[in-house]
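Open the structure in your viewer and keep the selection tool at hand. This tour goes stop by stop, saying what to select and what is there.

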Amino acid sequence: MNRARSEALARRARDVSPGGVHSPVRAFTAVGGEPVFFARAEGAHAWDVDGNRYLDLCMSWGPLVLGHAAPSVVEAVRGAAARGLSFGACHEGEVELAEAILRGFPTFQRVRLVNSGTEAVMTALRLARGATGRSHVLKFDGGYHGHSDALLVRAGSGLATLGTASSRGVPDEVARTTVVAPFDDEEALARVFAEHGDRLACAVVEPIPANNGLLVQRSAWLATLRTLCDEHGALLVFDEVITGFRLRYGGAAPLVGVAPDLVTLGKVVGGGMPMGAICGGADLLDRLAPVGDVYQAGTLSGNPVSVAAGRATLAALEDGRVHATLERRGAELEAALVPDAAAGMSVVRRGSILWLYVSDAAPPRRADAIDAEAIHRFARLHGRLLDRGYYLPPSGHEVLFLSAAHEPEDLAAFAAAVRQEAALA
Ligand SMILES: *Cc1c(COP(=O)(O)O)cnc(C)c1O
């Protein structure tokens with residue numbers, strides 16, 4: 001497969017931008033080779049600048065639940081753009097999007113729209129801190145919640161649970177207000193809350209962690225987290241930037257059997273345009289300015305074009321048929337990928353989210369149990385599949401996303417290709 005134009009663009013890009021990219025994982029560092037430059041995309045396919053066509057299994061990392069350039073979304077965006085790209089003032093669409101989001105979260109009464117998932121989580125932390133008057137937050141080892149200071153923190157060494165920055169530029173003073181615990185470990189939870197419970201404003205967790213493989217948690221572990229938050233007066237924040245509206249219309253709480261106090265959204269609610277949201281009860285959300293004394297603002301928040309994309313996307317999801325299709329396609333793909341136990345690979349799946357774990361070992365539930373060899377094998381598999389016209393997320397730590405536009409025949413061919421190449425990778 002000739003990718004000369006992509007390669008030339010990658011060289012040009014590196015001359016003008018750090019690593020030639022505007023978000024690090026796009027640089028293909030984890031899998032080797034040069035990044036592919038996309039020219040256009042439609043449905044489940046993308047075309048690169050050299051004219052190669054790919055079945056896209058990355059799908060912009062999750063927003064495109066209806067597929068690339070879904071006609072109803074594009075039409076809504078065109079209409080909105082023609083009526084004004086940004087108002088910086090109130091408009092009807094943002095009321096309708098907030099109402100549509102709340103129909104997915106019947107126990108909540110308020111939504112605030114922001115511009116990204118990072119911003120949504122950052123706002124949730126400030127709100128939790130403002131509402132509780134406490135300083136610390138709890139996150140879990142390997143969880144990604146955007147690139148705000150408080151969450152670019154990993155577990156400290158030894159038994160210490162206070163975090164250390166995972167990026168230069170995050171002050172130690174900030175990193176030390178983040179407590180980090182492992183997933184899947186009730187004893188560690190008990191220890192953390194015994195030691196830090198009275199200063200925790202909140203715990204933040206994806207109800208189905210999908211940013212470091214798919215580390216599906218036991219419901220009992222999530223229930224323990226909920227109980228400990230209640231006993232210690234900490235809020236529970238579900239970061240549903242990936243899971244929100246992807247697995248069902250609304251959040252994952254009914255799927256995991258645990259209810260959060262606040263939910264952060266992004267990706268699907270923007271339908272492919274920049275968007276994030278934070279939702280919760282009126283008691284909490286009305287602590288945000290201008291009603292309350294927790295400040296938060298945004299020039300482009302509630303942007304009419306992004307809101308139009310979000311509304312059109314949620315409108316297509318509301319009757320549940322798209323999610324039923326996605327579940328069926330996901331199940332078929334899973335069955336085709338691992339027809340027998342001896343394939344040297346397993347698939348962890350929830351709905352249209354799949355993680356390829358290229359190992360004979362059982363897939364782990366915590367980040368530190370991910371086998372480095374599985375990640376290396378994924379990297380080799382990635383390059384082989386790319387050359388066969390399959391665009392996967394460029395890291396074995398990332399999950400695959402299906403959309404309503406992924407056709408069964410394409411997925412069957414993809415599964416056959418994966419099985420052939422995984423045997424060689
Ligand atoms: C993608 C993601 C974020 C960050 O969202 P951005 O829009 O990239 O800022 C936060 N949390 C989770 C769980 C995510 O998957």
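A residue counts as buried when its relative accessible area is under 20%. Keep that cut-off in mind for the first stop. Note too that this is a predicted model.

**Stop 1: an aromatic pair**

Select Tyr-357. Its relative accessible area is 2%, so Tyr-357 is buried. Now add Trp-355. Trp-355 has 0% relative accessibility, so Trp-355 is buried as well.

The count of aromatic pairs comes to 11. How far apart are the ring centres of Trp-355 and Tyr-357? They lie 4.9 Å apart. The ring planes meet at 45°, so this pair is classed as tilted. Planes under 30 degrees apart would count as stacked, and those over 60 as edge-to-face.

Move on to Tyr-390 and Phe-414. They also form a tilted aromatic pair. Measure from centre to centre and you should get 5.2 Å, with 50° between the planes.

**Stop 2: the ligand**

Select the ligand and show its surroundings. Start with Ser-116, Gly-117, Thr-118, Tyr-144, His-145 and Gly-146. Then add Glu-206, Asn-211, Asp-239, Val-241, Ile-242 and Lys-267. Colour this shell by class: three residues are nonpolar, six polar and three charged.

Which atoms of Gly-117, Asn-211 and Lys-267 lie by ligand oxygens? Take them one at a time.

- Gly-117: a backbone N or O atom is 2.9 Å from a ligand oxygen.
- Asn-211: a side-chain N or O atom is 2.8 Å from a ligand oxygen.
- Lys-267: a side-chain N or O atom is 2.7 Å from a ligand oxygen.

Now switch on the ligand surface. Alone, the ligand exposes 380 Å², and the protein buries 83% of that.

**Stop 3: the cavity**

How many cavities of 30 Å³ or more are there? The count is one. The largest cavity has a volume of about 40 Å³.

To find it, select the lining: Gly-142, Gly-143, Tyr-144, His-145, Phe-183, Glu-206, Pro-209, Asn-211, Asn-212 and Leu-215. By class, that lining has four nonpolar, five polar and one charged residues. Tyr-144, His-145, Glu-206 and Asn-211 are among the lining residues, and they also belong to the ligand's surroundings.

Notes. Residues numbered from 1 in each chain as written. Predicted model: local features only at pLDDT ≥ 70, side-chain atom pairs only at ≥ 80, totals over all residues. Heavy atoms only, no water. Near = heavy atom within 4 Å. Polar contact = N/O pair within 3.5 Å; in protein donor to acceptor, adjacent residues only side chain to side chain. Areas by Shrake-Rupley, 256 points an atom, 1.4 Å probe, with all protein chains shown as cover. Nonpolar A, V, L, I, M, F, W, Y, C, P; charged D, E, K, R; others polar. 1 Å grid on protein atoms, 1.4 Å probe; cavity = no way out; pocket = protein on both sides within 12 Å on 5 of 7 lines; lining within 4 Å. Points joined across faces, edges and corners; volume = space filled by probe spheres on them. Phe/Tyr/Trp six-rings, centres within 6.5 Å; stacked < 30°, edge-to-face > 60°. Buried < 20%, exposed > 50% of the residue type's maximum accessible area, 1.4 Å probe, protein only.
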